[in-house]
Each structure stands twice: as C-alpha cells, then as structure tokens.
Amino acid sequence: MGTEAKKRIETLRDELRRHEYLYYVLDQPEISDAEYDALMRELKQLETGHPELASPDSPTQRVGGAPREGFVKVRHSSPMLSLDNALNEGELRDFDRRVRELLGGAEYRYVAELKMDGLSMAAHYRDGVFVQAITRGDGEVGEDVTENARTIRSLPLRVKDGPPLFEVRGEVILNRKAFERLNLERDEQGLKQFANPRNAAAGSLRILEPSVTASRRLDYYPYFLLVNGEPYCKTHWESLDTLQALGFKVNPKRRLCAGVEELVAFCQEWEAQREELPYEIDGVVAKVDSIAQQRALGWTAKAPRWAIAFKYPARQEATVVENIEVQVGRTGALTPVAHLKPVNVGGVTVSRATLHNEDEIARLGVEIGDTVIIERSGDVIPKVVRVKSPGADRRPFRMPETCPVCGGHVVREEGEAARRCINTNCPARLRESILHFASRGVMDIDGMGEALVDQLVAGKLVQSVADIYNFKREQLVDLEHMGRKSADKLLANIDASRREPLPRVICALGIRFVGERTAEILANTFGGLDKIRKADIEALQQAEEVGPKVAQSIVEFFGEERNLKLVERLREAGLQFEQEVRRKTGGALTGLTFVLTGTLPSMTREQATERIEAAGGKVTGSVSKKTSYVVAGAEAGSKLQKAKSLGVPVIDEVGLLRLLGE
Ligand SMILES: [Zn+2]
C-alpha cells in the first residue's frame with residue numbers, strides 16, 4: 001500500500017505539473033478545470049494520508065499556508081537594478097549613441113522586451129526545486145515572500161535540467177481580467193478597489209495570508225537567469241530562450257533588434273497595440289544582447305549603461321470639470337460623476353470620470369470649474385487623481401438631498417459612503433435593474449441595451465423587471481430603432497434567458513452584495529431559490545464566504561413585499577429556480593472516485609456507496625485511470641485485476657473507513 005501510494009502520488013504530481021504548465025504557461029489546457037481540481041484533490045487526500053511523502057515542490061503546496069507575522073528581510077545575490085528611462089524617441093537614440101561610442105565601433109544588438117507593469121521578484125532554485133522568493137525591495141534587500149510566490153501557478157515549483165543553483169528575476173503581474181474580477185469582488189464586499197493592476201499585484205504578493213495571494217491569480221514573467229548573481233548565458237536572448245526551455249513563462253513578445261531603428265519600431269508597434277494586450281505595459285526595456293558587451297559598458301552610480309526603459313506616456317491628462325452630476329444606480333446609490341471637457345488619454349477620448357461619493361469629493365477638494373488630472377487604467381472608468389489648479393469661478397458641488405431622478409427621499413446609512421434613493425419605484429433604479437438583469441454574465445439578454453431600456457422605462461412598458469417576459473411583438477416594433485427583425489431577435493433572446501441556471505437568476509435579482517460569485521455559492525449550498533428566500537441570517541451564514549453583512553442584505557431583500565412579487569412573477573415566467581445541490585465541497589472524499597468490488601466485511605455495497613457520496617466522493621462501476629481507489633472485499637474479481645494493471649491504489653474496508661476519518 002505504501003509503495004502504491006507513493007507511485008500514485010508521483011504520477012499525480014507529474015500530471016498536475018504538466019497540466020499547470022499547459023494551462024498557466026502555454027495557455028493551452030488539455031483538461032477541464034473540474035478534472036484538474038479532481039486530480040488535485042486526490043493528491044491532497046493521498047498526501048494527508050501519507051505525511052511522510054509530503055514535499056515542498058508538490059503542486060498541492062500552491063494553495064497557501066498559514067498566515068504569517070511579517071516578512072523577513074533578505075539580501076539579494078547582486079543588486080536588483082533599476083534602469084534609466086527614455087521618455088521619448090530622442091532620448092532612446094541618445095542612449096544608443098552612448099552605447100555605440102563606448103563599444104568603439106563593435107557590432108551590437110538589442111533585445112527588446114515589453115515592460116510589464118507589476119513588481120519585480122527574484123526566485124531561487126536549488127537542484128531544480130523552487131526554494132525562495134524575494135521582492136525587489138530597495139534593490140539591495142527585499143522581503144522573503146516564498147510562501148506567497150508558491151501560489152503563483154506560472155512559477156514552476158520544480159524544473160528539469162537547470163544548473164544546480166540558479167536565480168530567476170522577473171515581474172509579478174495581475175492581468176486585466178484578474179484585476180477587474182478582483183475589483184468587482186471587492187466592490188461587492190464593500191471594500192476599497194485597487195487603483196490599478198500594479199497596486200493590486202503588489203498588495204497581493206505582500207499580504208500576510210498566502211491563501212489570499214492564491215486567490216488573486218498572479219502571474220510571473222521572468223527576464224533574467226543568474227547563477228551566483230551573474231548572467232548564466234553568453235547573451236541575453238539565449239537566457240530568455242533557456243528560461244523558456246526550463247518551463248518558465250517568458251513573454252513571447254520580444255525581439256532581437258539589429259540596431260536602434262528596429263528598436264524604435266518595436267517600441268512604436270507596441271505603443272499602438274498596448275490596449276489589446278491582456279496585461280498592462282508601461283513601456284519597452286532594451287538591453288544590449290551580448291553579456292561581454294554588457295560588462296564592457298558597465299554601470300553608472302545607479303544604473304547599467306547597457307539597458308534602458310523606454311517609457312510610454314502616462315495615461316494621465318489634465319482637463320476641466322465642466323459639471324458634476326449624480327447617477328442613480330440599481331441599489332439606489334447616488335454616485336457623483338464629473339463631466340469633463342473631452343480629452344484624449346492614451347488613445348481614448350474621456351469625457352466622464354467617477355468621483356465615487358461625497359467623501360471622495362471632499363478628499364480631492366474638487367469643485368466645478370477646476371482643472372483636474374484624470375487617469376485611465378485598464379478598462380475601468382477613468383478617475384480623478386487630484387486637482388491641478390482651482391478654476392477662477394469655481395463652485396462647490398453639494399450632494400442632493402432628494403433623488404435627482406424621482407425626487408424621492410435620500411438617506412445615508414451609518415458607516416456607508418453613499419447616499420441612496422430609497423424609493424423602490426424610482427425609474428433610475430428600474431433602468432439600472434433591467435440593465436443589470438439583462439447584462440452579460442447575468443441573464444445574457446443580447447439587444448437589451450441602454451437606448452432600448454431608456455425607451456421602455458420612459459414609455460412605461462416596464463414597471464418591473466419581470467415585465468420583459470410579457471413583451472408582445474407589436475409593443476416592440478413601434479419603438480425607435482426597432483424593426484420587426486430585431487424585435488423577433490430580442491424576444492428570442494428573452495425566451496432563451498428562461499434557461500439560464502439558478503446562480504444567474506440569483507445574481508439577476510440584484511440583491512446588494514450578491515454578485516456572480518456569491519450567487520453561485522448560494523445556489524450550490526441551498527439548491528433552490530425558495531430555500532434561500534426562507535433562510536434566516538444564521539442559516540445563510542452557513543454558506544461559504546457569506547458573512548453577516550451579505551446575509552442581512554439577503555434577508556432584507558426577501559423581506560420586501562415588492563421583491564417577493566418579483567420573485568413570484570419570475571417563477572411564473574419559467575425561470576430556473578432549482579438546481580441539483582452540488583455535493584458538499586470540503587467533504588473528506590470530495591473529488592475522489594471509487595469503484596467497489598467484492599464483499600466488504602461490515603457494509604453492503606449500497607451502504608458503502610452512501611457513505612462515500614455523503615463525504616463528497618463518487619462511486620462508479622468500472623475501473624479506469626481516473627479511478628482514485630478500488631475498494632476490494634472478499635472474492636473481488638476482474639476489477640481488482642484491472643486496478644492493479646493500471647496502478648490504481650486498492651484499499652480494503654478499513655482503508656475506506658480511514659479515508660472517511662473513522
Ligand atoms: Zn429615485
């Protein structure tokens with residue numbers, strides 16, 4: 001049993017490493033997330049049962065260990081340099097001229113790489129195993145973030161064929177999608193959003209709870225391969241190829257440039273395309289390719305003479321606040337928005353920027369007429385960074401005491417930054433509710449855009465979200481920009497939304513603090529909308545990640561007559577109110593697949609099946625490579641043979657009970 005477990009553990013680790021590489025480095029997964037999770041759970045289970053076989057380079061070690069008290073300072077093997085900047089093409093050419101002169105006519109080449117906007121980190125490997133990660137810090141001394149770095153899936157925990165001791169330096173980043181998801185989640189939880197992906201990456205790597213880092217989906221792109229603090233290869237280009245061959249995620253968007261013209265072209269190409277990249281870049285790094293030439297060029301007091309960072313212009317611009325208006329969201333929250341004199345920021349025309357709430361306005365000290373600095377980061381709404389100069393005839397903005405749309409009562413609850421319109425019939429709230437209901441990732445009703453919803457609300461065609469399920473073709477064709485064809489399409493899309501699964505329906509209701517993720521957790525925990533509706537605050541908190549604030553909000557939602565009416569009408573419309581309760585995650589056997597064979601001493605096969613399923617496991621009829629365990633009793637037959645030939649671990653009833661924790 002011991003050697004079989006050991007064999008299976010090794011097989012699983014190899015498989016998981018391969019899939020991690022395919023998924024996180026090459027972005028070419030071969031198996032589904034669910035299959036990957038199942039393999040991972042099986043490995044965890046085996047490692048728990050065999051603590052003597054634990055290993056720090058096992059893929060299970062990525063989940064993030066216990067919180068820590070603080071970070072230990074560690075000195076780098078050689079300084080982690082910062083580079084000189086070139087802020088325009090002229091400065092880039094000046095840099096090239098210095099290189100050319102210093103190299104005295106020798107031929108040289110540049111390696112151009114995208115300058116990813118994250119934070120630098122060194123990762124150390126001994127005998128092919130990842131052993132330590134250190135943040136850049138001040139360049140001389142950084143912080144030991146080994147446990148957090150371990151959770152970064154694209155950072156290999158083990159490599160083959162590297163030098164016995166080596167160090168990799170690169171950038172920890174958060175891609176745009178992960179950044180937006182993180183901010184959305186924080187917003188749902190009432191937490192402050194991160195200003196940009198770089199801050200989010202830094203905050204996530206330097207957090208004291210590795211499990212939080214694990215949830216943030218950081219990425220790592222290396223660009224230096226060192227041994228004893230010195231470059232390992234003869235050229236920089238070769239070291240990038242070597243890193244890639246070792247299994248690291250090296251950015252493929254790099255180029256070996258024969259001279260400054262090719263380098264300038266590379267910088268210009270990516271400046272034009274930077275918005276299309278899945279991550280943020282703030283420029284291009286150019287390094288002289290030959291290490292011998294790098295040594296010949298040497299260093300100034302603060303930076304190497306053989307490298308430069310070409311910086312793209314900041315996506316900040318100054319413009320005038322022409323007005324401040326208030327928007328009413330679907331929860332009734334009043335959000336002040338600055339209407340700006342249109343300005344081009346990094347290729348996009350910006351005419352509005354969010355001011356979040358009145359506290360933010362006070363913090364910025366912004367008034368109508370002021371010239372402000374605005375910043376755009378990723379795809380998030382531009383924001384006001386600071387006041388550049390107060391306007392000559394500036395006037396302060398006051399949050400309205402009544403709702404600017406319906407004139408209804410506005411309240412600011414204790415501990416909340418936002419004022420809310422509490423009129424549940426407020427047309428602004430209705431408009432936003434419908435847009436939310438129909439949006440992508442919720443009920444996915446294509447064609448239900450702002451222009452249409454405005455007409456629907458103004459024409460009183462909808463007074464409740466549920467009204468959309470009673471639309472008649474003749475009502476729609478009369479609307480502006482709505483032909484017969486698009487009316488039919490819209491009706492078909494509305495009809496199709498009836499099949500959206502329960503989590504989407506829960507999310508569509510627009511309960512405060514209940515976004516996509518929470519909706520999914522609620523659906524999986526309770527299995528039906530009615531069960532969620534009937535649950536009290538305590539029962540709701542049994543669901544993972546549902547705290548008192550969220551639970552309170554759900555109870556309040558279902559406490560309102562109007563919302564209950566909406567729920568009933570959606571039920572009549574035929575929306576999905578039920579789903580199969582997914583087996584409780586976190587059960588001792590979650591993700592494991594069993595095959596039973598032969599007669600067990602104290603349990604019937606039905607009893608064994610029941611107990612396995614109750615603990616989250618699955619029982620299937622035939623043995624395959626995916627089977628986690630075969631449970632064999634007396635007179636086991638061909639299934640036992642098959643298990644042995646496939647190397648699937650075989651256990652008896654005692655073994656099963658042990659897995660069940662008995
Ligand atoms: Zn209102």
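This section describes the overall make-up of a predicted model, followed by a sheet, a helix, a zinc site and several salt bridges.

The protein has 662 residues, of which 49% count as buried. Its secondary structure comes to 24 helices and 23 strands. The C-alpha trace spans about 90 × 80 × 50 Å along its principal axes.

One open sheet is formed by five strands, arranged in the order E5-E4-E7-E8-E9 with antiparallel pairing. Its edges are strand E5 (129-135) and strand E9 (230-231), each of which pairs on one side only. In general, strands of a sheet pair through backbone hydrogen bonds, in either a parallel or an antiparallel manner. Within this sheet, strand E4 (residues 119-126) runs antiparallel to E7, and eight bridges join the two. Residues that face each other across this pairing include Ser120, which stands opposite Glu171 in E7, and Met121, which stands opposite Gly170 in E7. Strand E8 (residues 219-227) is also antiparallel to E7 and is joined to E7 by seven bridges. Here Arg169 stands opposite Phe224 in E8. Strand E7 (residues 165-173) has eight of its nine residues buried and is therefore largely enclosed by the rest of the structure.

Helix H15 (residues 484-496) has 13 residues, which at 1.5 Å a residue should span 18 Å. The end C-alpha atoms of H15 are 18 Å apart, in agreement with that expectation. Buried residues of H15 include Ala487, Leu490 and Ile494. Because these three cover an arc of only 65° around the axis, they lie on the same side of H15. An α-helix has 3.6 residues a turn, so residues three or four places apart point the same way. Arg484, Lys485 and Lys489 are exposed on the other side of H15. The helix thus has buried residues on one side and exposed residues on the other.

A zinc ion is held by four protein donors, the SG atoms of Cys403, Cys406, Cys421 and Cys426, at 2.2 to 2.4 Å. The angles among the four donor atoms are 100 to 117°, and the site is tetrahedral. For four tetrahedral donors the ideal angle at a metal is 109.5 degrees. The spacing of the donor residues in sequence is C-x2-C-x14-C-x4-C. Two of these donors, Cys406 and Cys421, link distant parts of the chain and are 15 residues apart. Cys406 lies in the loop between strand E17 (383-389) and strand E18 (410-411), whereas Cys421 lies in strand E19 (residues 420-421). The two also differ in exposure: Cys406 is partly exposed because its relative accessibility is 27%, while Cys421, with a relative accessible area of 1%, is buried.

The structure holds 47 salt bridges. One of them is between the side chains of Arg93 and Glu261, with an N to O distance of 2.8 Å. This pair links distant parts of the chain, as Arg93 is in helix H3 (residues 89-102) and Glu261 in helix H9 (residues 260-273), 168 residues apart. Arg93 has a relative accessible area of 24% and is partly exposed, whereas Glu261, at 52%, is exposed.

A further salt bridge is formed by Asp282 and Lys115, whose closest N and O atoms are 3.4 Å apart. Asp282 lies in strand E11 (residues 281-288) and Lys115 in strand E3 (residues 110-116), so the bridge ties together parts that are 167 residues apart in sequence. With a relative accessibility of 15%, Asp282 counts as buried.

The side chains of Asp495 and Arg498 also meet in a salt bridge, at 2.6 Å from N to O. Both partners are partly exposed, Asp495 at 38% relative accessibility and Arg498 with a relative accessible area of 21%. Elsewhere, Glu358, Asp359, Glu401, Arg412 and Arg419 are joined into one network by salt bridges that share partners.

Terms used. Residues are numbered from 1 along each chain as its sequence is written. This is a predicted model: local features need pLDDT of at least 70, side-chain atom pairs count only at pLDDT 80 or more; totals for chains, interfaces and linings use all residues. Side-chain values use heavy atoms; hydrogens and water are left out. A salt bridge is a side-chain nitrogen of Lys or Arg within 4 Å of a carboxyl oxygen of Asp or Glu. Helices (H or I, at least four residues) and strands (E, at least two) are DSSP runs, numbered from the N terminus. Buried means under 20% relative accessible area, exposed over 50%, partly exposed in between (1.4 Å probe, protein chains only). Two strands pair if DSSP finds at least two bridges between them. Donors are N, O and S atoms within 2.8 Å of the metal (3.2 Å for Na, K and Ca); water is not among the atoms, so sites may look incomplete. Four donors count as tetrahedral if all angles lie between 85 and 135 degrees; four count as square planar and six as octahedral if opposite donors are over 155 degrees apart and all others between 65 and 115; anything else is irregular. The expected span of a helix is 1.5 Å times one less than its number of residues. The arc is that of the directions from the helix axis to the C-beta atoms.
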